[in-house]
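Some notes on this entry follow, for reading alongside the coordinates. Please go through the points in order.

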Amino acid sequence: MTYLNNQYHDRGMKKWAGFFLSEHTAAQEKIQKGLAHINSPKPQMSEQEIGEVLQIARIKNKSVAIQIEAIDNEGNYYDDVIGKLKGADSLGIYVGNEKVHYDEIRNVEPVDHVKWSQ
């Protein structure tokens, strides 16, 4: 028995490292990515500033990124609504396929899309 103890070197926890299933590692990566993705609050804009940016975006046919004045359960802001202005009515504007009410807009800024080839 002493011969085995002297000759055999146990790798400890290293030998168990390969037993993670791909589903487990994918779930861990998704959790880590979600924790790392936190939207910080952008400056609150006045109605006049918001209107000016939206008017320029409409005239120049540019995309905009709109931060909504809403937070999730953990106090973080939701992802920006990004897209071109499709239309408007008395309650809000249509950005892409989503409707954003005027009173929900916290911040709006023009977005330049980068082509995949660049």
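Which residue in strand 5 stands opposite A65?

1. The residue is E109. The model is a predicted one, and this pair belongs to an antiparallel pairing of strand 1 with strand 5 (residues 105–111), which runs over 6 bridges.

2. Strand 1 also pairs with strand 2 (residues 81–88), again in the antiparallel sense, over 4 bridges. Here S63 of strand 1 has K84 of strand 2 opposite.

3. These pairings are part of an open sheet of 5 strands, with antiparallel pairing and the order 4-3-2-1-5. Strand 4 (98–101) and strand 5 are at the edges; each has a single partner strand, so one side of each lacks a neighbour in the sheet. On average, neighbouring strands are turned by 45° against each other, direction ignored.

4. Are the residues of strand 1 buried or exposed? Buried: this applies to 6 of the 6, under 20% relative accessible area being the cut-off, so the strand is largely enclosed by the rest of the structure. S63, A65 and Q67 point one way, while V64, I66 and I68 point the other way, and all are buried.

5. Helix 3 lies across strand 1, strand 2, strand 3 (92–95) and strand 5. Relative to strand 5, helix 3 runs at about 35°.

6. Between helix 3 (47–60) and strand 1 (63–68) there is a loop, and N61 is placed in it. The phi of N61 is near 55°, which is a positive value in a residue other than glycine. Please look at this residue when checking the backbone torsions.

Conventions: Residues numbered from 1 in each chain as written. Predicted model: local features only at pLDDT ≥ 70, side-chain atom pairs only at ≥ 80, totals over all residues. Heavy atoms only, no water. Helix = DSSP H or I, 4+ residues; strand = E, 2+ residues; numbered from the N terminus. Buried < 20%, exposed > 50% of the residue type's maximum accessible area, 1.4 Å probe, protein only. Pairing = 2+ DSSP bridges. Axes fitted to C-alpha atoms, helices over the stretch in contact; angles between N-to-C directions. Contact = heavy atoms within 4.5 Å.
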